[in-house]
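Thank you for letting me take this slot today. I would like to walk you through one structure, and please keep it in view while I talk.

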Amino acid sequence: STGVVTTLAGTGSPGSANGTGTSASFYYPYGSTTDGTNLYVVDFANHLIRQIVISTGVVTTVAGTGSSGSANGTGTSASFYGPQYITTDGTNLYVPDYFSHLIRKID
């Protein structure tokens, strides 16, 4: 490690765009975890779970509608309300959903 700081992803302005590197946007990214290949980021104010491919900086939405809620579902059919931290067991992601008072599992 050289100590050089660079931007992996994000425009620096609030938003929810998927894209590569600095063309993607977040709104209060909060917690993150990695599986070694991908970085998973909780996008708190967008109520989304985002994936960043570490080698390319490609950002996609893994789960969440982008609107607050607590619906279970697959991918962007599920909703969160203030997700905060995130962790993985190597297979599943686990997310405390702050305002919904839930612990969510994404497989």
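Let us start with Arg-50, which counts as buried because its relative accessibility is 0%, and the cut-off for buried is under 20%. This is a predicted model, so please keep that in mind for everything I say. Which side chain does Arg-50 meet in a salt bridge? The partner is Asp-43, and the distance from N to O is 2.7 Å. Asp-43 is buried as well, again with a relative accessible area of 0%.

By the rule used here, the count comes to 2 salt bridges. The other one joins the side chains of Arg-104 and Asp-97, with 2.8 Å from N to O, and both of these residues are buried too.

Now let me place the first pair in its surroundings. Strand β3 covers residues 38-43, and strand β4 covers residues 48-53. These two strands run antiparallel and are joined by 6 bridges, and one example of a bridge partnership is Asn-38 with Val-53 in β4. Between β3 and β4 there is a hairpin with 4 residues between the strands, and in its turn His-47 has a positive phi of about 60°.

On the other side of the discussion is strand β5, residues 58-63, which is joined to β4 by 4 bridges, with the two strands again running antiparallel. Here Ile-49 has Ala-63 in β5 as its bridge partner. The hairpin of β4 and β5 also has 4 residues between the strands, and Gly-57 takes a positive phi near 80° in that hairpin.

Is β4 largely enclosed or left open by the rest of the structure? It is largely enclosed, because 5 of its 6 residues are buried.

If we step back, these strands belong to an open sheet of 5 strands in the order β1-β5-β4-β3-β2, with antiparallel pairing. The edges are taken by β1, residues 19-20, and β2, residues 29-34, and since each has a single partner strand, one side of each is left without a neighbour in the sheet. As a general reminder, strands of a sheet pair through backbone hydrogen bonds, either parallel or antiparallel.

There is also an open sheet of 3 strands, in the order β6-β7-β8, and the pairing there is antiparallel. Its edges are β6, residues 87-88, and β8, residues 102-106, so each of them, having a single partner strand, has one side without a neighbour in the sheet. Strand β7, residues 93-97, pairs with β6 over 2 bridges in the antiparallel sense, and Thr-88 stands opposite Leu-93 in β7.

Finally, let us turn to the surface, where Tyr-81, Tyr-98 and Phe-99 form a nonpolar patch with about 310 Å² of accessible area together. Where does Tyr-98 lie? Tyr-98 is in the loop between β7 and β8, and with 45% relative accessibility it counts as partly exposed, because that class runs between the cut-offs of 20% and 50%.

Technical notes:
Residues are numbered from 1 along each chain as its sequence is written. This is a predicted model: local features need pLDDT of at least 70, side-chain atom pairs count only at pLDDT 80 or more; totals for chains, interfaces and linings use all residues. Side-chain values use heavy atoms; hydrogens and water are left out. Two strands pair if DSSP finds at least two bridges between them. A salt bridge is a side-chain nitrogen of Lys or Arg within 4 Å of a carboxyl oxygen of Asp or Glu. Buried means under 20% relative accessible area, exposed over 50%, partly exposed in between (1.4 Å probe, protein chains only). Patches are made of residues with over 30% relative accessible area and no salt bridge: like charges are joined within 9 Å, nonpolar side chains (Val, Leu, Ile, Met, Phe, Trp, Tyr) within 5 Å. Accessible areas come from the Shrake-Rupley method with a 1.4 Å probe; for residues, only the protein chains shown count as cover.
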